[in-house]
Amino acid sequence: MNCCCSTTTACTARHFDDKRARAELEAYHRKGPGPTTRRLLTGLRSLGGTEGTLLDVGAGIGVLTFELLKAGLDRAHCVDLSPASMAIGRAEAERQGCAGNIRWQEADFVTVAPELEPADTVSLDRVVCCYPAYRPLLEEAAKHTRRFLALSYPRDRWFVRAALWVENTLRRVRGNPFRAYVHSPVALDTLLREHGFTRTYQESTLAWHADIYARDAT
């Protein structure tokens, strides 16, 4: 059974367990930020998005946050469903000496969004693909963004869909109810434009887009 509605949170939290969080930390220590994170960092640096505050949605262990703090960010609020990622992220923040600049919150962003303060930049690095319904996620992210909204998501190509189908099938066989999704890039772009944003940066890998949207001047 696919994750949906009230079960999505539990499915995702179980999927991103301690083993995955530790693997993410090891990869970060060995190779630095991953491909989509590097591209988002490049875009934010070029646009002046390394100042002020960050709301890092689906932050994982906080790699994007750590790198932006090094680049001049004042403070960050990391929200993620995974208790394992939160624990490892906190420990890494202590190691890097930036724990005082980060607030960690284990929660579903869509659920707690009404309680959260806006930020200069909101990021969703490899997060949209974890939600079967992207609209509530992006609408809340847009509401909380003062300047830049940075996100990465799978490209809508046949081989990407085929790869995710295989991954989801293997999860089903193994009894893992987590599912990943490919959403229409056109639909994502249309929604953000309707909420007053313009895409100002895009870099892509074979399978992923990394986009930055800027809030339109009013």
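Trainee: In which helix do Glu92 and Arg95 both lie?
Mentor: The model discussed here is a predicted one. Glu92 and Arg95 stand three residues apart, about one turn of the helix. The element that holds both, residues 83-96, is helix H5.

Trainee: How far apart are the closest N and O atoms of Glu92 and Arg95?
Mentor: Glu92 and Arg95 are placed about one turn apart in H5. Their side chains form a salt bridge, for which the cut-off is 4 Å. The closest N and O atoms of the pair are separated by 2.8 Å.

Trainee: Is Glu92 buried or exposed?
Mentor: A residue counts as buried under 20% relative accessible area and as exposed over 50%. Arg95, the partner of Glu92 in the salt bridge, has 57% and is therefore exposed. Glu92 has a relative accessible area of 4%, so this residue is buried.

Trainee: Which residue meets Glu67 in a salt bridge?
Mentor: The partner lies with Glu67 in helix H4, three residues away, which means a separation of about one helical turn. The N to O distance in this salt bridge is 3.0 Å. The residue that meets Glu67 is Lys70.

Trainee: Of Lys70 and Glu67, which counts as buried?
Mentor: The limit for a buried residue is under 20% relative accessible area. Lys70 is exposed, because its relative accessible area is 55%. At 12% relative accessibility, the residue that counts as buried is Glu67.

Trainee: Which residue forms a salt bridge with Asp156?
Mentor: Asp156 is partly exposed, with 39% relative accessible area. Its partner is likewise described as partly exposed, at 41% relative accessibility. The closest N and O atoms are 2.7 Å apart, and the partner is Arg161.

Trainee: How many salt bridges does a search of the whole structure find?
Mentor: Those already discussed include the bridge of Glu92 with Arg95 and the bridge of Asp156 with Arg161. For the whole structure, the search gives a total of 11.

Trainee: What is the relative accessibility of Thr65?
Mentor: Thr65 belongs to helix H4, residues 63-70. Beyond four places in sequence, Thr65 touches Leu54, Asp56, Ala76, Cys78 and Ile102. Thr65 counts as buried because its relative accessibility is 0%.

Trainee: Which element gives the most to the lining of the largest pocket?
Mentor: This pocket has a volume of about 1300 Å³. Of its 48 lining residues, the closest to the centre are Phe16, Glu24, Asp125, Arg126 and Trp208. Elements that each supply at least two residues include helix H1 (8-15), helix H3 (35-47) and helix H8 (158-174). With six residues, the element that gives the most is H2.

Trainee: How many residues of the lining of the largest pocket are nonpolar?
Mentor: The lining holds 11 polar residues and 11 charged residues. The number of nonpolar residues is 26.

Trainee: Which strands each supply at least two residues of the lining of the second largest pocket?
Mentor: The second largest pocket has a volume of about 230 Å³. Of the 15 residues that line this pocket, the closest to its centre are Thr53, Arg75, His77, Glu117 and Pro118. The lining divides into seven nonpolar, three polar and five charged residues. The strands concerned are S1, S2 and S3 (102-106).

Trainee: Within what arc do the buried residues of H9 fall?
Mentor: In helix H9 (residues 185-194), the buried residues are Pro185, Leu188, Asp189, Leu191 and Leu192. Seen down the axis of H9, they line one face of the helix, because they fall within an arc of 160°.

Trainee: Which exposed residues does the face of H9 turned away from its buried side carry?
Mentor: The buried side of H9 is covered by elements including helix H7 (134-143), strand S5 (145-154), strand S6 (197-204) and strand S7 (208-215). The face turned away from that side carries Val186 and Glu194.

Trainee: Which residues is Leu191 in contact with, leaving aside its neighbours within four places in sequence?
Mentor: Leu191 is placed in helix H9 and counts as buried, at 1% relative accessibility. Its C-alpha atom is 9.5 Å from that of Ala142, a residue 49 residues away along the chain. The contacts of Leu191 are Tyr134, Arg135, Leu138 and Glu139.

Trainee: What phi does Gly196 take?
Mentor: Gly196 comes just after H9. Its phi is positive, with a value of about 90°.

How values were computed: Residues numbered from 1 in each chain as written. Predicted model: local features only at pLDDT ≥ 70, side-chain atom pairs only at ≥ 80, totals over all residues. Heavy atoms only, no water. Helix = DSSP H or I, 4+ residues; strand = E, 2+ residues; numbered from the N terminus. Buried < 20%, exposed > 50% of the residue type's maximum accessible area, 1.4 Å probe, protein only. Contact = heavy atoms within 4.5 Å. 1 Å grid on protein atoms, 1.4 Å probe; cavity = no way out; pocket = protein on both sides within 12 Å on 5 of 7 lines; lining within 4 Å. Points joined across faces, edges and corners; volume = space filled by probe spheres on them. Nonpolar A, V, L, I, M, F, W, Y, C, P; charged D, E, K, R; others polar. Arc of directions from axis to C-beta.
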